[in-house]
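Here is a short briefing for a first look at a protein structure. Keep the sequence and the 3D view open as you read.

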Amino acid sequence: MSENALNGDSSQELSATTQVSGMYKDYFLDYASYVILERAVPTLDDGLKPVQRRILHAMREMHDGRYHKVANIIGQTMQYHPHGDAAIGDALVKVGQKDLMIDCQGNWGDVRTGDNAAAPRYIEARLSKFALDVAYNPAITKWQASYDGRNREPVALPMKFPLVLAMGVEGIAVGLSTRILPHNFCELIKASIKVLQGKKVQLVPDFPTGGQVDASNYQGGKRGGKVRCRALIEMEGKNVLLIKDIPYGTTTTGLIDSIVKANDKGKIKIKRVVDNTAKDVEIRIDLPSGVSPDVTIDALYAFTDCEVSISPNCCVIINDRPHFLTVEEMLRISTDHTRDLLRSELEVKLANLKERLLFSSLEKIFIENRIYRDIEECETWEAVLETIDKGLEPFKPQFYREITQEDIVRLTEIKIKRISKFDTFKADELIRKLEEEIADIEHKLANLTDYAVTYFEGLLDKYGKGRERKSEIRAFDDIKVRQVAIANEKLYANLKDGFIGYGLKKEQYICDCSDIDNVIIFRKDGKYLVTRVQDKAFVGKNILHVDVWRKGDDRKIYHAIYRDPTSGKNYAKRFAVTATTLDREYDVTNGAKGAKLLYFNVHLNSESEIVNIKLSQGCRAKKKIFDFDFATLAIKGRTSQGNVITKYPVQSIKQVSVGASTLGGRKIWYDKTVGRINVDERGEFLGEFDTQDRILVLYKNGSYELTDFELTNRYDFAKIFTVCKLTPETVITAVHYAGDRKEYFVKRFQIETTSLNEKFTYISEASGSKIVVLSIDKAPHISFTETRGKTKQKEEVELNLAEFIDVKGWRALGNKLSRHAVSRIKQIEGPKPIPGEEIPEKVSVGDTVEWNENGNGQAKLF
């Protein structure tokens, strides 16, 4: 072969070469589009991924009302889905566990415990009645060829329900992901009705695992939003916690593992944890003696999977393109789509009814007018058709469309037997019934929105029972991690050499701490800093004071006296350290070079103190020994210079006494939305609390409890009547029903017990006993209806309970409300107060009692 020929062949080969970069670009985009559209992201029209849609389509083809082996369903689906039996089986189990579209039989696993489903050959399934009602209608379904062209499959099922919002979905594609959280079945239907009525809606996720959910930052499920989920934790006694529900996305096994790990790391302190989950979730946590259950609950939320954050990212396919929407926008589009599907179904049904009416009318005319006799003389088929068409000519104007040859052919197919037994009355009844149905459908089409509302209401009535909300919607408090962390380390310090840490076990013990605490260090040179606790750290020589530091603690006050070398004056200051930059040094003094710290002390609750100051003997001061009271100084910021106490040199300073807190009692508020007390002015103001003060908790079940005012306390607001400060004047008035005596009683009492965190029941414990009215007013009033004597005469009675009964012991049953039958007991307002008048200490029956505004309190009718 010649060289030219060789060159020619080579040039032809080169001209046919395709660049790899171009192939990569096209192939990658094709692959990315395929994964997005055909694998990971659901279509909004029916809320299904392709594999889910093919499963439901295959199950509809197999449907005969009986259960089918899941292995058979997988095999049937493989006609439409090209990705193997494993992918189909996993998707089928996940849809079945949603308990909405598929009726399952056998062991399908448990999303709460993480148990897997049994093998496909052992479990069975069929379509649920709900699925048959909302997902199928071949007449309005758009079809396409399957992947191999042998079958046809739906482009999208005609889903008349916001399925994607009910089931939720997760998917990861190429450069794209979606995470739509599940919502409550009943709430979705009610929200769809509101959308049809033009009202605004707001959706909150509802999880099959129950628990508590804070959706304050949900943002409609958009990217960037967040939902916080918590386990439902109950206290059983002082040393036992029970987890009743778990957060979405966790399992009991994983949750227990996280609790054990937190205990091993010293974040929490527990004795044992046991999984008692059967029909209902129950994880039992036993606490060691002396461990606060309230603090442990907070620690469980802070350090374990008892609280998780979920970030939604609502992405769906609309018109073959991914769209990021809010759940409210998705609901609105889905609801409009449902209305369009209902219109299409009505139009198809209307067309069928019109066709039935047309042929019934044709049949009646054909038989009653004996047109069939006219064709006896016809010799050809064309003549038969022409004769029948001519006979129908006078009646054609009454039909909604033209009569076609096909209609005439159908008339020729009527059997002689039917003609001979034709009943005009029955034919008229059928035509009348068809006309009524047509009129009804036309009315529904004319009032399509009302019809759609009725449709959704029907779904709610038929399928809503047993699908109530499982997740409790609550506003969560922000748990301060350092506040609930268990002190799992011991802090040591070498004060002279300036080393601190929990690894210096041979040095001086300072205090207990956790491994996430911050430590504040004051030195004799007047410098201080805040640093993280660690195994060993150098913080400067000659340490004067070291302790665990809490950010925002304005109750811990530092007292200091220092000498300014420039002026020679001595200054005293009181200050708090509420915020700092870690590892940055600050000055207790005014920062002048040579300033000397003469006195330093710390007071945990802003106590004042008196110190004795002795001046140098050689100074010119007339009074060389005097006392100084720090209470005369205002508490200022850490950068304040302080007040001058003397301009003469100081020889010594000694503490004389410590006084009371200069900040007064601690102001406490109760936020009932989260069931916590706080100092941030959130909720109802309870008052100022000193060390000996207590909080009174009155429960709706007829018990009370005393607690301290630690910010870690938890109060279950759903079970509580009120939370208030206990004072010597607090009187509780209760109208209660004694189940053993079948009568109503009134009692007034003061708190006599002193035990903390222990509930005391002050009404009968017999079955049926209950609180009817509970009040902490000074003079509560009630009204009730008495039914007297044999005549059953009813009379309305108003009663001042402060006059009706004296204050007695908390164990007393009280006085009987009435010797007659009593009903309709309720709290009412008393007579309006006259300004300046007080409630008399003692009153007699029949006296007119007035009181001023100070007598007003709280009351609630149960």
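The points below go topic by topic through a model that is predicted.

**Core**

- The largest nonpolar core counts 73 residues. Met101 and Phe161 touch the most other members of this core.
- Helix α8, residues 185–196, gives the most to this core, with eight residues.
- Phe161 has contacts that lie beyond four places in sequence. They are Leu100, Phe130, Val134, Ala166, Phe185, Ile189, Ser334, Thr338 and Leu459.
- Another core, of 21 residues, lies apart from the largest one. Among its members are Ile246, Ile283, Ile297 and Ala299.

**Helix α3**

- Helix α3 covers residues 50–62. At 1.5 Å a residue, its 13 residues should span 18 Å. Its end C-alpha atoms are 18 Å apart, so the model agrees with the expected span.
- Eleven of the 13 residues of α3 are buried, so the helix is largely enclosed by the rest of the structure.
- The buried residues of α3 include Pro50, Val51, Ile55, Leu56 and Met62. Arg53, Arg54 and His57 are also buried.

**Strand β38 and its partners**

- Strand β38 takes in residues 703–707, and five of its five residues are buried.
- In a regular strand the side chains alternate between the two faces of the sheet.
- Both faces of β38 are covered. Ser703, Glu705 and Thr707 are buried on one side. Tyr704 and Leu706 are buried on the other.
- Strand β37, residues 695–699, pairs with β38 in the antiparallel sense over four bridges. Val697 stands opposite Glu705 of β38.
- β37 and β38 form a hairpin with three residues between the strands. In this hairpin Gly702 takes a positive phi near 90 degrees.
- β38 also runs antiparallel to strand β42, residues 760–761, and two bridges join them. Tyr704 stands opposite Phe760 in β42.

**A four-stranded sheet**

- An open sheet has four strands in the order β14-β9-β8-β17, with mixed pairing.
- β14 (307–310) and β17 (472–473) stand at the edges. Each has a single partner strand, so one side of each is left without a neighbour in the sheet.
- Strands β8 (residues 212–214) and β9 (residues 227–230) run antiparallel and are joined by three bridges. Gln212 has Arg230 in β9 as its bridge partner.

**Salt bridges**

- The whole structure holds 46 salt bridges.
- Asp103 and Arg126 form one of them, with the closest N and O atoms 3.0 Å apart. Asp103 lies in strand β2 (residues 102–105) and Arg126 in strand β3 (residues 124–127), so the pair ties together parts that are 23 residues apart in sequence.
- Asp103 is partly exposed, with a relative accessible area of 25%. Arg126 is partly exposed too, at 25%.
- Arg66 meets Asp64 in a salt bridge with an N to O distance of 3.4 Å. Arg66 is exposed at 58% relative accessibility. Asp64 is partly exposed at 42%.
- Asp525 and Arg523 form a salt bridge, with their closest N and O atoms 3.3 Å apart. Asp525 is partly exposed, with a relative accessible area of 40%. Arg523 is buried, with a relative accessible area of 6%.
- Glu236, Arg272, Arg284 and Asp286 are joined into one network by salt bridges that share partners.

**Cysteines**

- A disulfide is a covalent bond between the sulfur atoms of two cysteines. The structure holds zero disulfides.
- Why is Cys229 without a bond? The closest cysteine sulfur, in Cys306, is 12 Å from the sulfur of Cys229, too far for a bond.
- Cys229 counts as buried, at 1% relative accessibility.
- Cys315 is in no disulfide either. The nearest cysteine sulfur is that of Cys314, 9.1 Å away.
- Cys315 is buried, with a relative accessible area of 0%.

Conventions
Residues numbered from 1 in each chain as written. Predicted model: local features only at pLDDT ≥ 70, side-chain atom pairs only at ≥ 80, totals over all residues. Heavy atoms only, no water. Buried < 20%, exposed > 50% of the residue type's maximum accessible area, 1.4 Å probe, protein only. Pairing = 2+ DSSP bridges. Disulfide = S-S within 2.5 Å. Salt bridge = Lys/Arg side-chain N within 4 Å of Asp/Glu carboxyl O. Expected span 1.5 Å × (residues − 1). Core = buried A, V, L, I, M, F, W, Y, C linked by side-chain atoms within 4.5 Å. Contact = heavy atoms within 4.5 Å.
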